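Visitor: Got a minute to look at some pockets with me? I'd like to go through what lines them.
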Amino acid sequence: MLSAGPLRRLGARAVALDEVDSTNGYLLERAAALHDGTIVCAEYQTAGRGRQGRKWLAPRGAAVMLSVLLHEPSDSPLLSGAALMAALAAAEAIEQVSTCSPGVRWPNDLVMQGRKLAGVLAESKPLPPEVRVGGRAIVIGIGINCLQHQGHFPVELIDRATSLEIQSAQAINRVEVAAALVASLDQVLVEALATPEAWSMHVQRWRDRCSDIGSRTTLEADGRRLTGTILDITEEGDLLVEVDQGGRQHFAAATTTRLW
Ligand code: BTN
């Protein structure tokens with residue numbers, strides 16, 4: 001029901017909730033008890049989480065709000081690169097069910113015409129040894145704005161957010177969006193994790209959708225505000241910037257806020 005095709009890693013268990021605080025929170029709290037590949041989706045989140053403690057808001061029934069749980073080794077490339085892979089999978093899924101071809105914006109946004117269409121939040125915590133010695137639970141949460149009209153967005157986001165309904169020339173079926181997302185995420189995760197070369201190819205697919213490379217940016221990292229030119233996104237998912245104040249520097253998504 002929740003997938004557009006046969007799945008290899010995701011979906012042995014799936015939970016559909018009418019309401020929850022956060023689908024990411026739900027899986028993180030139960031990370032040791034639930035199976036690898038568990039999917040949870042919700043019609044409404046009372047405390048939807050965005051990056052860096054921000055809220056993620058969507059009216060009931062308007063967005064795809066979905067998280068998946070992975071049990072991974074502690075050196076998994078997903079620990080730093082999960083948001084890139086999920087954004088790539090979401091963009092490819094959206095192309096299958098709408099006329100939209102979203103771009104990606106480091107570290108975790110999908111964009112259409114410069115406005116945010118979807119966001120990814122990846123969180124992790126250690127697993128107890130009885131579940132997986134040295135393992136980590138990684139929860140990847142994806143929110144895709146589907147049916148909102150411009151007036152549904154909070155005032156402060158009204159000029160910066162968009163939805164598939166606004167952008168697509170084709171009618172949007174939210175269940176189809178969710179099913180395509182699950183199938184695409186399953187495929188990207190299985191294929192990208194297979195070999196280091198496959199991982200690199202997927203990072204390149206993400207880069208191909210990113211129009212930021214070569215553009216100017218302002219960042220806040222470790223309490224400092226920096227400006228510079230974006231040179232690349234590394235295999236680990238870091239932003240590589242030629243900083244005006246001097247030198248090339250790597251910025252990790254977890255500790256960096258992109259101001260523009
Ligand atoms: C961001 O843009 O800052 C990330 C937004 C992530 C939102 C999704 S909705 C499903 C999952 N559950 C959450 O609480 N957050 C993510």
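Guide: Sure, one bit of vocabulary to start: Ala, Val, Leu, Ile, Met, Phe, Trp, Tyr, Cys and Pro count as nonpolar, Asp, Glu, Lys and Arg as charged, and the others, Gly among them, as polar. Also, this is a predicted model.

Visitor: Ok, so how do the residues lining the largest pocket divide into nonpolar, polar and charged?
Guide: That lining has 15 nonpolar, 14 polar and 12 charged residues.

Visitor: And what volume does the largest pocket have?
Guide: About 1,000 Å³. It is lined by 41 residues, and the closest to its centre are Arg-54, Trp-56, Asp-109, Lys-116 and Leu-157.

Visitor: Which elements give two or more residues to that lining?
Guide: Those are α1 (23-29), β3 (63-73), β5 (109-112), β6 (115-126), β7 (135-145) and β12 (256-258). The largest share is from β6, with five residues.

Visitor: Switching over, what's the volume of the second largest pocket?
Guide: That one comes to about 430 Å³. Its lining has 25 residues, with Arg-51, Leu-79, Ala-122, Ala-253 and Ala-254 the closest to the centre.

Visitor: Which elements give two or more residues there?
Guide: For the second largest pocket they are α2 (78-97) and β6. The most comes from α2, which gives six residues.

Visitor: How does that lining divide by residue type?
Guide: In the second largest pocket, 14 lining residues are nonpolar, seven are polar and four are charged.

How values were computed
Residues are numbered from 1 along each chain as its sequence is written. This is a predicted model: local features need pLDDT of at least 70, side-chain atom pairs count only at pLDDT 80 or more; totals for chains, interfaces and linings use all residues. Side-chain values use heavy atoms; hydrogens and water are left out. On a 1 Å grid over the protein atoms alone, a cavity is a set of points where a 1.4 Å probe fits but cannot get out, and a pocket is an open set with protein on both sides within 12 Å along at least five of seven lines; lining residues have an atom within 4 Å of a point. Grid points are joined across faces, edges and corners, and a volume is the space filled by probe spheres set on the points. Helices (H or I, at least four residues) and strands (E, at least two) are DSSP runs, numbered from the N terminus.
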